[in-house]
Amino acid sequence: MALPEWDGELTSVRYDRGTGAWFVIGVHSTRLGPASGGTRAMVYPSPGDAVADARRLAGAMTLKMAVAGLPMGGGKSVIALPAPRAELGEATWRRILEIHAANLELLGGNYTTGPDVGTCSADMDVLAGLTPHVFGRSVAAGGPGSSGPMTALGVFAAIRAGVAEAGFDGVDGLRVLVQGLGAVGADVARLAADAGAKLIVTDVDPARCAAVADELGAEVVGTGAVTTRECDVLVPCATGGLITAEVAETLPIAVVAGAANNLLADPYAAEVLRRRGIVHAPDFVANAGGAIHLVGREVLGWSADAVADRTRAIGDTLTGVFADARTHGTTTVTAAQDLAARTLTGEH
Ligand SMILES: NC(=O)c1ccc[n+]([C@@H]2O[C@H](COP(=O)([O-])OP(=O)(O)OC[C@H]3O[C@@H](n4cnc5c(N)ncnc54)[C@H](O)[C@@H]3O)[C@@H](O)[C@H]2O)c1
């Protein structure tokens with residue numbers, strides 16, 4: 001596998017013949033503290049794609065931790081599965097977690113993992129029985145539980161900040177389209193509905209979509225409508241890569257703020273959004289609530305209230321990022337990266 005250059009510190013790659021899985025850990029930076037970032041388990045087109053994803057996501061974790069003011073570095077694990085998890089037997093999945101735990105042990109605490117797409121608190125409970133380098137165990141196992149609700153709270157703070165930057169009075173009466181109604185998106189939808197938004201929802205899982213729509217009185221649209229449906233706020237809470245530069249040229253929205261990591265498929269999309277006057281909350285700022293939850297509870301000993309306060313402060317951080325971007329005529333991504341860089345170099 002030919003690997004391109006990377007500005008991170010370490011990539012570990014292991015293949016296990018028995019399970020057919022590839023295990024990748026990217027440690028992007030330990031400048032602010034031990035690296036941390038979740039474990040993503042899914043099928044990838046090739047092992048090279050898994051390495052690229054782990055590295056990209058690890059880099060985003062460095063930015064996320066720095067902007068959130070957490071004393072942690074950025075890392076990420078990717079397990080490239082031989083088949084979708086639902087098709088793997090319990091014994092194979094258990095073996096995969098055992099190998100992942102052994103890899104975590106080898107890094108000796110320079111990297112701690114948590115849940116991400118394809119893994120959950122119950123998996124962290126299993127890992128925690130094998131290695132201490134794990135965040136996000138279930139409440140039943142003595143951990144802080146799912147980071148979804150705090151990520152949602154932070155995304156909602158980002159929506160409020162974005163709406164204010166766009167010149168609206170508040171969320172009340174705005175058309176808010178939530179894409180992906182999982183652990184994060186469903187809670188964001190609830191917060192938006194409580195604030196009086198006219199809610200529009202979509203999910204590839206029709207049953208999940210119908211349940212949230214019934215609960216909140218939301219309009220349902222097809223998944224393909226997400227980039228063409230006119231609305232005030234687009235809230236991507238599914239997978240990344242939704243907004244290419246081409247899509248950004250025609251998005252009929254005023255604000256985009258969501259949880260999905262790597263929302264922009266193409267860095268130039270940020271410039272298109274800026275030029276079109278669309279307020280864009282960078283994903284690594286907006287979705288930091290989960291990291292604040294896990295690091296706050298498990299490393300810093302914060303109370304649940306302190307975690308919620310710090311998560312709501314994502315809105316203030318974004319207000320500063322929007323102001324910096326306006327002042328310097330840059331994209332909000334550049335403004336947020338500059339904020340992270342100042343933290344990483346100790347200027348902040
Ligand atoms: N959970 C967290 O604390 C957290 C923290 C930071 C970032 N994120 C990111 O936020 C996103 C959502 O996370 P989550 O924990 O809610 O995941 P989840 O798996 O619980 O939910 C994702 C939802 O999106 C739906 N979906 C997938 N593809 C879709 C598509 N093309 N169109 C519409 N719906 C689609 C799925 O059916 C599912 O309901 C992910 O990108 C994740 O990486 C999550």
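Contact here means that heavy atoms lie within 4.5 Å of each other. The model worked on below is a predicted one.

**Exercise 1. Describe the surroundings of lysine 76, beginning with its place in the fold and ending with its contacts.**

Solution. Start with the secondary structure: lysine 76 is found in strand S5. Next, take the relative accessible area, which is 3% for lysine 76; since buried means under 20%, this residue is classed as buried. Then look at the side chain, which makes a polar contact with the side chain of aspartate 116 at 3.1 Å. Finally, set aside the neighbours within four places in sequence and list what remains: lysine 76 is in contact with Val24, Ile25, Gly26, Gly37, Gly38, Ala54, Leu57, Ala58, Met61, Tyr111, Asp116 and Asn261.

**Exercise 2. Check the span of helix H2 against its number of residues, and then state what its buried residues pack against.**

Solution. Helix H2 covers residues 90-106, which makes 17 residues. The expected span is 1.5 Å times one less than the number of residues, and for H2 this gives 24 Å. The end C-alpha atoms of H2 are 25 Å apart, so the two values agree. For the packing, identify the buried residues of the helix, which are Trp93, Ile96, Leu97, Ile99, His100, Ala101, Asn103 and Leu104. These buried residues of H2 pack against strands S1 (10-16), S2 (21-29), S4 (39-42), S5 (73-80) and S6 (111-112), and also against helix H3 (121-128). As a last step, follow the chain just past H2, where glycine 108 takes a positive phi of about 55°.

**Exercise 3. Characterise the interface between domain 1 and domain 2 by its area, its contacts and the residues that contribute to it.**

Solution. Begin with the bounds: the domain assignment gives domain 1 as 10-128 and domain 2 as 148-287 + 316-343, and the C-alpha centres of the two domains lie 26 Å apart. Across the interface, eleven residues of domain 1 are in contact with eleven residues of domain 2. The area buried between the domains is about 930 Å², with carbon and sulfur atoms giving 65% of that area. On the side of domain 1, Leu63, Lys64 and Val67 lose the most area to domain 2, together 57% of what that side buries. Turning to specific interactions, the count of salt bridges between the domains is zero, while one residue pair, with both residues at pLDDT 80 or more, is in polar contact. To close, assign the domain 1 side to its secondary structure: helix H1 (residues 47-67) supplies the largest share of the side that touches domain 2, with seven residues.

Technical notes:
Residues are numbered from 1 along each chain as its sequence is written. This is a predicted model: local features need pLDDT of at least 70, side-chain atom pairs count only at pLDDT 80 or more; totals for chains, interfaces and linings use all residues. Side-chain values use heavy atoms; hydrogens and water are left out. Helices (H or I, at least four residues) and strands (E, at least two) are DSSP runs, numbered from the N terminus. Buried means under 20% relative accessible area, exposed over 50%, partly exposed in between (1.4 Å probe, protein chains only). Domain bounds come from an automatic or database domain assignment. Buried area is the accessible area (1.4 Å probe) that two parts lose on being put together, summed over both. A salt bridge is a side-chain nitrogen of Lys or Arg within 4 Å of a carboxyl oxygen of Asp or Glu. A polar contact is a pair of N or O atoms within 3.5 Å; within protein, one must be able to donate a hydrogen and the other to accept it, and residues adjacent in sequence count only if both atoms are side-chain atoms.
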